[in-house]
Amino acid sequence: MKLLFFISLFIIGYLTGRHIELRHFQSIRDREERYHHIAMISGSWKDHIDPESDCKMFDGSVVVGADYFKSVISGLRAVFGGGMNNYETLLDRGRREALVRMLADADRWGADRLVNVRVETSVIGSQSGKRALPCVEIHVYATGLRKLRHEVHS
């Protein structure tokens with residue numbers, strides 16, 4: 001009876017987590033589409049920066065952690081081998097969310113492009129000697145450019 005209860009909770013946890021993850025991916029896709037007019041260039045492209053442009057630094061960050069289900073499945077995969085697809089989707093969601101947050105800030109400022117886009121990750125929350133759920137901070141940053149607005153005097 002206890003095993004049936006545990007399996008039921010495990011399945012409910014999986015289905016709930018999957019539903020939330022799919023909703024979040026849809027939200028990210030919608031926001032990415034909203035900001036598709038802002039070009040992102042990973043190189044510095046100094047030759048293409050117009051002296052008539054204004055610039056500002058933008059960033060976005062997010063902390064993502066694996067849920068219990070992902071940790072259990074990854075533990076089994078570590079024993080039996082195989083890809084860590086569940087962590088890949090977690091990192092993909094985190095990276096895209098951080099980028100969208102940066103894009104939203106750049107859009108409010110009026111940027112038409114972001115150059116020198118960089119993505120940094122760091123593991124946080126691990127405690128030596130204790131088993132903790134994996135947790136990662138993802139930080140993206142770039143230089144935003146927009147055309148200077150010249151005032152017209154009559």
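The following exercises, with worked solutions, concern the predicted model shown above.

Residues are numbered from 1 along each chain as its sequence is written, and side-chain values use heavy atoms, without hydrogens and water. Local features need pLDDT of at least 70 and side-chain atom pairs count only at pLDDT 80 or more, whereas totals for chains, interfaces and linings use all residues.

**Exercise 1.** State the order of the elements along the chain.

*Solution.* Elements are DSSP runs: helices are H or I of at least four residues, strands E of at least two, numbered from the N terminus. The chain has three helices and four strands. From the N terminus, they follow the order α-β-β-α-α-β-β.

**Exercise 2.** Describe the packing of α1 and α3.

*Solution.* Step 1: α1 (residues 2-34) and α3 (residues 85-109) pack at about 35°, with axes 10 Å apart; axes are lines fitted to C-alpha atoms over the stretch in contact, and angles run from 0 to 180 degrees between N-to-C directions.
Step 2: contact means heavy atoms within 4.5 Å; among the contacting residues are F25 and I28 of α1 and R96 and V100 of α3.

**Exercise 3.** Identify which element gives the largest share of the largest nonpolar core.

*Solution.* Step 1: such a core joins buried (under 20% relative accessible area, 1.4 Å probe, protein chains only) Ala, Val, Leu, Ile, Met, Phe, Trp, Tyr and Cys residues through side-chain atoms within 4.5 Å.
Step 2: the largest one has 23 residues, and L114 is one of those with the most contacts inside it.
Step 3: β2 (53-65), α3, β3 (113-123) and β4 (135-147) each give two or more residues; the largest share, nine residues, comes from α3.
Step 4: L114 touches residues including F58, M102 and A142.

Key
Buried means under 20% relative accessible area, exposed over 50%, partly exposed in between (1.4 Å probe, protein chains only). Lists of a residue's contacts leave out its neighbours within four places in sequence.
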